[in-house]
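Reader: Please take me closely through one part of this model, the place where the chain turns back among its last strands, and set it beside the other contacts that a search of the side chains brings up. I would like the reasoning spelled out rather than a bare list.

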Amino acid sequence: STCLCLSLRADTTLVFNEIMYHPATNEPAWEWIELRNQMAVDLDVSGWSVAGGIAYTFPSNTIVRGGGFLVLAISPTDLQAATGLTDVAGPFTGRLGNNGDTLQLRNNSGRLMDEVVYGVEGDWPVSADGSGASLAKYDRDSASGPAGNWRASEQVGGTPGADNFPFVNSVPPETQFIGIDAAWKYDDTGSDLDGD
């Protein structure tokens with residue numbers, strides 16, 4: 001039982017976090033993957049590589065901020081233009097298989113840091129296969145291997161460079177509803193009322 005629990009949590013520094021393997025349109029331009037730094041400190045991934053269905057080696061001075069994301073695209077210019085993201089890595093070679101594929105992340109010494117073998121059967125979410133949704137890790141701290149740790153993204157196009165499901169393992173912001181017939185005041189002077 002202990003081994004099973006440990007295998008459900010990510011045990012590495014950088015992990016696969018989101019995969020757009022079958023975009024709804026223009027597949028040759030819209031495939032991308034997202035990696036997330038599990039640590040609170042910046043991580044230098046110069047010379048690290050992604051292998052499997054696609055191939056890419058990160059150039060010198062590639063830094064992933066602590067807790068931050070690194071997006072790798074088949075066409076960085078297309079993804080940047082569509083999303084406003086900056087610093088999208090790529091282009092990678094190869095293609096992400098629509099019926100499933102293997103992705104491996106290796107450090108600059110060749111050590112396997114993370115791996116996912118995604119598919120379209122079993123526990124893998126089928127709506128990520130061509131509907132416009134990405135394959136998104138539900139709990140960003142979970143291991144990449146088990147299919148049960150992945151969902152289809154809630155947004156068409158996924159969330160490259162941002163949290164997949166922001167309120168997992170956190171508290172959503174408090175919302176206070178005010179009745180339509182309630183009395184309320186506002187100050188239109190532009191002064192900072194400091195919460196008053």
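**A close look around strand E11 and the loop after it**

Author: Leu135 is a buried residue, with a relative accessible area of 0%. The model is a predicted one, and every value below should be read with that in mind. Leu135 belongs to strand E11, and its C-alpha atom is separated by 5.6 Å from that of Glu18, although the two positions lie 117 residues apart along the chain.

We can approach E11 from the loop that precedes it, and begin with the aromatic rings. The whole structure contains four aromatic pairs. In one of these, Trp124 and Trp150, the ring centres are 6.4 Å apart and the planes meet at 40°, so the pair counts as tilted; the distance is within the 6.5 Å that the pairing criterion allows. Trp124 is in the loop between strand E10 (112-119) and strand E11 (135-137), whereas Trp150 is in strand E12 (residues 150-152), and the pair therefore links distant parts of the chain, 26 residues apart. Trp124 is buried, because its relative accessible area is 11% and burial requires a value under 20%. Trp150, at 2%, is buried as well.

On the other side of E11 comes the loop that runs to E12, and here Tyr138 and Phe165 make a tilted aromatic pair, with 5.2 Å from centre to centre and 55° between the planes. Tyr138 is in the loop between E11 and E12 and Phe165 in the segment after E12, so this pair ties together parts that lie 27 residues apart in sequence. The two partners are not alike in exposure: Tyr138 is partly exposed at 36% relative accessibility, while Phe165 is buried at 11%. The ring of Tyr138 has a further contact, for the charged end of Arg151 sits over it, 4.4 Å from the ring centre.

The charged residues of this loop can be taken next. Five salt bridges are found in the structure as a whole. In one of them Asp141 is joined to Arg36, with the closest N and O atoms 3.8 Å apart, a separation that is within the 4 Å limit of the definition. Asp141 lies in the loop between E11 and E12 and Arg36 in strand E2 (residues 32-37), so the contact ties together parts that are 105 residues apart in sequence. At its loop end, Asp141 is partly exposed, with a relative accessible area of 31%; at its strand end, Arg36 is buried, at 6%.

The loop between E11 and E12 also supplies Arg140, whose side chain meets that of Asp163 in a salt bridge of 2.8 Å from N to O. Asp163 is in the segment after E12, and this pair, 23 residues apart, again links distant parts of the chain. Asp163 is partly exposed at 29%, and Arg140 is partly exposed at 34%. Salt bridges with shared partners also join Glu27, Glu31 and Arg95 into one network.

For a setting in another part of the chain, consider Asp42 and Arg65, whose side chains form a salt bridge at 2.6 Å from N to O. Asp42 is in the loop between E2 and strand E3 (43-44) and Arg65 in the loop between E6 and E7, 23 residues apart, so that distant parts of the chain are linked here too. Asp42 is partly exposed, with a relative accessible area of 42%, whereas Arg65 is exposed, at 55%.

The strands on either side of that second loop also take part in the largest pocket, which holds about 380 Å³ of space. This pocket is lined by 17 residues, of which Ile63, Phe69, Leu70, Thr86 and Asp87 are the closest to its centre. Strand E6 (63-64) and strand E7 (69-73) each give at least two residues to the lining, and E7 gives the most, with three. By character, the lining divides into 11 nonpolar, four polar and two charged residues.

To return to the part you asked about, the loop between E11 and E12 holds Tyr138, which pairs with Phe165 in the segment after E12, Arg140, which is linked to Asp163 in that segment, and Asp141, which is tied to Arg36 in strand E2.

How values were computed
Residues are numbered from 1 along each chain as its sequence is written. This is a predicted model: local features need pLDDT of at least 70, side-chain atom pairs count only at pLDDT 80 or more; totals for chains, interfaces and linings use all residues. Side-chain values use heavy atoms; hydrogens and water are left out. Rings of Phe, Tyr and Trp (its six-membered ring) pair if their centres lie within 6.5 Å; planes under 30 degrees apart count as stacked, over 60 as edge-to-face and the rest as tilted. Helices (H or I, at least four residues) and strands (E, at least two) are DSSP runs, numbered from the N terminus. Buried means under 20% relative accessible area, exposed over 50%, partly exposed in between (1.4 Å probe, protein chains only). A charge sits over a ring if NZ of Lys or CZ of Arg is within 6 Å of the ring centre and within 35 degrees of the ring normal. On a 1 Å grid over the protein atoms alone, a cavity is a set of points where a 1.4 Å probe fits but cannot get out, and a pocket is an open set with protein on both sides within 12 Å along at least five of seven lines; lining residues have an atom within 4 Å of a point. Grid points are joined across faces, edges and corners, and a volume is the space filled by probe spheres set on the points. Ala, Val, Leu, Ile, Met, Phe, Trp, Tyr, Cys and Pro count as nonpolar, Asp, Glu, Lys and Arg as charged, and the others, Gly among them, as polar.
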